[in-house]
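Let's take a slow walk through a protein together. Keep the picture open while you read, and turn it around whenever a new part comes up.

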Amino acid sequence: MGNEKTTSPEESARKEAWLTDLSKFIVEANKATWAGDGKEVPAQRPGYKELQHPLPDEPQGDWILRDSYVGWFRAPGMTTVYYKGKPAWTMSYGGHGQTEGFEEASGETFKFLKDALSRVTTDLPFRGPSEYVVGNKRYEFELLEGDIEDGSWKERIIEDGVITFQQTGMVSIVINGDSNRQPQLPWNR
């Protein structure tokens, strides 16, 4: 058989509790950053826009989310969640973005996208719900594989039967190594 390491019930419980807390924090932070028209913070990279929750001048707890993106019609980026000061989870996103020929409607498309993203739940906290419909607009989110620990997804907006926005992304927890190259699991910090 393989070299699989078994985990103790205590370790499994710590991990599950940490993943639950991570999911709750991502939902909270998502509603306070781009989807919630959050305040931009000074960017760490020239040309990028960045948002953070909590804001730098607010009390900092164990969790901080920083979202960094560039562009408008195509705006690839990366969201990083820090736990106790170290990167613990990331989500990258990008791809096609606003469909060519629909640039003039991008303000309305992105307003609808923010509305959909503000409806994210802890069951699948990356982006928006599986489906969200208002009038002639429909947002769709699909988890292609995996879960909050390691997964990939796609989303799109369809307006009057035409795809006007779409992008893909991936998520992963971050596992660092100690000086002996042994895994440092974020839920054990």
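Is P125 buried or exposed? P125 is buried, because its relative accessible area is 1%, and buried here means under 20% relative accessible area, exposed means over 50%, and partly exposed is in between, with a 1.4 Å probe and protein chains only. You'll find P125 in the loop between α2 and β6. Who are its neighbours? Leaving aside residues within four places in sequence, P125 is in contact with S23, I26, V27, V120 and I148, where contact means heavy atoms within 4.5 Å. You can also look for M170: P125 and M170 are 45 residues apart in sequence, and 12 Å apart in space from C-alpha to C-alpha.

Before going on, a word on what you're looking at. This is a predicted model, in which local features need pLDDT of at least 70 and side-chain atom pairs count only at pLDDT 80 or more, while totals for chains, interfaces and linings use all residues. Residues are numbered from 1 along each chain as its sequence is written, and side-chain values use heavy atoms, with hydrogens and water left out.

Now zoom out. The protein has two helices and eleven strands; these are DSSP runs numbered from the N terminus, with helices being H or I of at least four residues and strands being E of at least two. Going along the sequence, you meet them in the pattern α-β-β-β-β-β-α-β-β-β-β-β-β. The C-alpha atoms fill a box of roughly 55 × 45 × 25 Å, taken along the principal axes. The radius of gyration of the protein is 18 Å, which agrees with the value near 16 Å for a compact globule of 189 residues. That radius is taken over C-alpha atoms, and the globule rule is 2.2 Å times the number of residues to the power 0.38. Of the 189 residues, 40% count as buried. Among contacts between residues at least 6 apart in sequence, 41% join residues at least 24 apart.

Next, the sheet. Strands of a sheet pair through backbone hydrogen bonds, either parallel or antiparallel. Here you can trace an open sheet of nine strands in the order β1-β2-β3-β4-β5-β9-β8-β7-β6, with antiparallel pairing; two strands pair if DSSP finds at least two bridges between them. Which strands sit at the edges? They are β1 (40-41) and β6 (131-134), and each pairs on one side only.

Let's follow a few of those pairs. Strand β4 (residues 77-83) and strand β5 (residues 86-98) run antiparallel over seven bridges, and G77 stands opposite Y93 in β5. Over at the β6 edge, β6 and strand β7 (residues 137-147) pair in the antiparallel sense over four bridges. There, V134 has K137 of β7 as its bridge partner. The hairpin of β6 and β7 has two residues between the strands, and G135 in this hairpin takes a positive phi near 60°. Move on to β7 and strand β8 (residues 150-159), and you can find ten bridges, again in the antiparallel sense. D147 stands opposite D150 in β8, and the hairpin joining β7 to β8 goes through two residues.

Now for a helix. S106 has its place in helix α2 (residues 106-117). S106 counts as buried because its relative accessibility is 6%. Leaving aside neighbours within four places in sequence, S106 is in contact with W72, F73 and Q98.

Finally, look at some backbone details in the loops. Where is the cis peptide bond? A cis peptide bond joins H53 and P54, with omega about -10°, and P54 lies in the loop between β2 (49-53) and β3 (63-69). D160, in the loop between β8 and β9 (162-173), has a phi near 50°, a positive value in a residue other than glycine. D160 is exposed, with a relative accessible area of 60%. R181 isn't a glycine either, yet has a positive phi of about 60°. R181 lies in the loop between β10 (176-177) and β11 (183-184) and, at 78% relative accessibility, counts as exposed.
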